[in-house]
Amino acid sequence: LSRIGDELYLEPTERGLSLRAVNSSRSAFASFLFAPLFFQLYEPGSAGPDTEVFRCKVHMKSFLGIFRSLPSLEKSVGKCLILLKPRASRLVLQLHCKYGVTKTHNLAFQECEQLQAVFDTQRCASRLCAPARVLAEAVVHFPPTLAEVTLGTGPGGKISLRNYVEDEAEPSKTMVTELWLAEDEFQSVAVAPGSNITFCLKEFRGLLSFAEASNLPLTIHFDEPGRPVIFTLDDTVLEVHLVLATLSDLESTSQSPSTNGVSHLPAQSDDFADDLESYMVAMETSEVGSEGPPSPTFPLRTPRSAESKLEEEEEEEEEGAVPGTPPHKKFRSLFFGSVMTPGRPGQATTQEVLAEDSDGE
Amino acid sequence: MRFRAKIVDLACLNHFSRIINTIAKLAKTCILRLTVCKLYFILSDKIANGGASMWCELSQGNFFDEFQMEGVAAEHNEIYLELVPENLSRALKTAQSAKAVKIKLTNKHCPCLRVAVELPSLSSSSRIVTHDIPVGVIPRRMWNDFREPSVPDFDVSIYLPVLKTMKSVVERMKNLSNFIVIEANLSGEMNLKIETDLVSVTTHFKDLGNPPWASEDGCQSSAQGRDLESMAEACIDIRKLQQLLTGQQVNPTKALCNIVRKRMVHFILLHEEVSLQYFIPAIA
C-alpha cells in the first residue's frame, strides 16, 4: 500500500478491516480486506442506523514505522492490538512483546470520507489467473525504471508483456522488450482475442511481491484500453484489489500491428488529464450510454450530502504530484471526468456538479 | 546484409555478458564490427566524449555455437553497427538461466539487433523474451574512421598492479581530485598521484615488471639506451580510469599500459578470449 499512496485509509466494517490507499494522480487504488477470522479478536464497533461507519486515515510512514523490522518483530512480539479511539483522535497500536514489554504507539488520524474506486470485475471482458511466481519472473526482464507495460493477447493464445514506448520517444532509439507466456503457464485464461492494455508497472510490482510472499495466485481482470485493470488476490481471510487506470490511447495498439481491430477510445487531448483539478466532479456510477464506455469513478460521498465540504478531497489535490505513478498525460483518472466525451474536455454541463472546484477557475 | 548467431552454452553466455557489461561501462554508444571470425567493439575518439577511445576484439568461435554473417558486399564481408551497449547488457542480464540466446539483425521498422532469449518454463513451450535493440548501420564509406589504432610510440611500457588494488586506490583518489597523474619507469615502478590545493597523495607501486616489446627491426627493445629510472608521466581524467577499472569483472591474464609522456596512456587488458585496448588522452 505504501507503494501507492502516502496515506493509509482504515475502515472497520462488519466484513472485516479494510486498508486502502490511492495515489496522488488518482490512477491507482488498492484495498486489502482482512476478514474477522484473520484476527484473534475483531470488534468493528457499533455502527447503528444513525452512526456511519467510522473511517480514518493515517500517515503511511508513521504506520509503517511501527512494523519496521519484520524479522525482529516476529521474534519478539506476541500480540498486536489495534484500537481506534475516536474521541482522542488516536489510533493506538500496541505491541505486546516478550518479557512483559508493551510498546504503545499513538498515531494521529484524520477522519475522512470513504475511499472507494468503483469497479466491477464482472464487467471485464478478459481474465487471466496465474501463480504470482510466473508473473514475477516475467516482470523481471523489464528494467526497474520502466514506467508502463502493455499486456496483450497474441496468436496461439499466448499472452505478451511489452514495455510501452511513449510517443514522444523516438522509436528508432528505444529498445523494445517483449515477453511471451504460453497459455498453459496460467491457471486460467479467458481473454477477448486481440485485446491489450497498458498500465503502470510500479504499483503492480508492489502487489506482485506481496502475492509472491503469500504464495497466492493473481487474477487480472481487464477490458478495453481506457477501462481500469483490476488485479485481485483471494484467500480465505484476505481479499485484495488493486485497480489501475489504463492508457486509452490509439498509440498503445499501433506498436503491435498484429493486434489489430481493438476497439478503443480515440486519443484524449493532452489538456484533459493535466487539468484534473477543473474536473473535480463526483460522478454517479451510471453509464452514459452512447458516449463511450466510461471509466469507473467513485462517489466521494452520497449524492444527498451535496452541501458538505469536501475537506479531504481538497487536501489531496493540494499535494504535489508524488513521483510514484508518473501522471502520464493520457492516463485517465480512475475517479474523475470519465464521462467527458474524449476530445471535448470541459463539457461537464450534462453532469450534476456535486462539488465545486475548491481552487476556483 | 545478414547476421545470425546463437549461444547455447551458459558459461559462454555469462562470459559474453560480462564483456558486454565492461563495454557498457566504458562507452555510451559504440560501434560493433562483425567479421566472419571476430567481433569488435570500437569507440573512436571522434564520437566519444572526453576523447577516450577503445578497441575490443573477440573471436566469435569462443562464444557462439552458430555464427553466420554476410557483409555488405563480397569483397567487404563485414558489418558495422552503431549501438548502445547498455541495451545489449540489459538484454543479456536476465538470461542467466537461458536455454539459448539468439541474436539476429532485423529491419522491421528500423534496423535492430533482435536478442531472443529462450527461457525454461514449467509449461510445454519455453518462454521467449525478445529485446529489439535499435542499431545504426554504418555505411562503408565511413569504415575508415574505425580502423584499429596502432600502438603509440610510447616512452614507458609497464605491467599494471593488481587491478583490484589499483581500483580501490583510484576510487579513493577520485573523491579528492578530477585528474590523476600516472607515471612509470622502465624499472617496474609506477606512481599514481593527485594534487589539489590542500593535499597531494601519491601511491607507489614497485616490482611491476616491464613487458618486452620487440621493435620493428626485430631486435629487443632499446631499453638499454634509455634511462631506466626516469619517469614518463601523463595527467588524465580520473573518471575515465575509474570506469576502466570498475568495468573489469574478471582479472585479466595480462594487464599493461603504455605511457606517452604528456600525450596519452594506452591500456591493454588481455584475457584468454578477448583483448581490450583503451586510450585515454592526457589533459594538457
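Helices and strands are taken here as DSSP runs, at least four residues for a helix and at least two for a strand, and they are numbered from the N terminus. With that convention in hand, the tour of this predicted model can begin at a loop of chain B.

**First stop: a loop of chain B**

Select D227(B), which sits in the loop between β14 (200–205) and β15 (232–237) of chain B. With a relative accessible area of 47%, D227(B) is partly exposed. If you then add S187(B) to the selection and draw a distance between the two C-alpha atoms, you should read 9.3 Å, although the residues are 40 apart along the chain.

From there, move to helix α4 of chain B, residues 238–246, where the buried residues are I238(B), K240(B), L241(B), Q242(B), L244(B) and L245(B). The N-terminal end of α4(B) is capped by D237(B), whose side chain places an oxygen 2.9 Å from the backbone nitrogen of R239(B).

**Second stop: an enclosed strand in chain A**

Now select residues 28–34 of chain A, which form strand β3; since 7 of its 7 residues are buried, the strand is largely enclosed by the rest of the structure. In a regular strand the side chains alternate between the two faces of the sheet. Showing side chains on β3(A) lets you follow A28(A), A30(A), F32(A) and F34(A) on one side, and F29(A), S31(A) and L33(A) on the other, all of them buried, with both faces covered.

Which strands pair with β3(A)? One is β2(A), residues 16–22, which is joined to β3(A) by 6 bridges in the antiparallel sense, and within this pairing L19(A) has F32(A) as its bridge partner. The hairpin of β2(A) and β3(A) has 5 residues between the strands, and R26(A) in this hairpin takes a positive phi near 60°. Another is β17(A), residues 238–244, which pairs with β3(A) over 7 bridges, again in the antiparallel sense; here the bridge partner of F34(A) is L238(A).

**Third stop: salt bridges within the chains**

Side chains of opposite charge can pair when their charged atoms come close. Over all chains the structure holds 17 salt bridges, and three of the pairs that lie within a chain are worth selecting in turn.

Begin in chain A with D223(A) and R227(A), whose closest N and O atoms are 3.8 Å apart. D223(A) counts as buried at 12% relative accessibility, and R227(A) is buried as well, with a relative accessible area of 11%.

In chain B, select K38(B) and E57(B), which meet in a salt bridge at 2.7 Å, N to O. This pair links distant parts of the chain, with K38(B) in β3(B), residues 38–43, and E57(B) in β4(B), residues 53–59, 19 residues apart. K38(B) is partly exposed at a relative accessible area of 25%, whereas E57(B) counts as buried at 17% relative accessibility.

Then take K193(B) and E183(B), whose closest N and O atoms are 3.4 Å apart. K193(B) belongs to β13(B), residues 190–195, and E183(B) to β12(B), residues 179–184, so the salt bridge ties together parts that are 10 residues apart in sequence. K193(B) is partly exposed, with a relative accessible area of 27%, while E183(B) counts as buried at 9%.

**Last stop: where chain A meets chain B**

Finally, colour by chain and select the contact, which takes 21 residues from chain A and 19 residues from chain B. The two chains bury about 1,700 Å² between them, 51% of it on carbon and sulfur atoms. On the side of chain A, H141(A), M175(A) and E185(A) lose the most area to chain B, together 35% of what that side buries.

How many salt bridges are counted between chain A and chain B? The count is 2; one salt bridge to select joins E185(A) to R127(B), with the closest N and O atoms 2.9 Å apart. The interface also has 7 residue pairs in polar contact.

Two elements of chain A, α3 (132–139) and β12 (176–181), each supply at least two residues of the side that touches chain B, and β12(A) gives the most, with 6 residues. By class, that side has 10 nonpolar, 4 polar and 7 charged residues. To finish, select β12(A) together with β9(B), residues 127–134: these strands run antiparallel and are joined by 5 bridges, with I128(B) as the bridge partner of W180(A).

How values were computed
Residues numbered from 1 in each chain as written. Chains lettered and ligands numbered in written order. Predicted model: local features only at pLDDT ≥ 70, side-chain atom pairs only at ≥ 80, totals over all residues. Heavy atoms only, no water. Contact = heavy atoms within 4.5 Å. Buried area = accessible area lost by both parts, 1.4 Å probe. Salt bridge = Lys/Arg side-chain N within 4 Å of Asp/Glu carboxyl O. Polar contact = N/O pair within 3.5 Å; in protein donor to acceptor, adjacent residues only side chain to side chain. Nonpolar A, V, L, I, M, F, W, Y, C, P; charged D, E, K, R; others polar. Pairing = 2+ DSSP bridges. Buried < 20%, exposed > 50% of the residue type's maximum accessible area, 1.4 Å probe, protein only.
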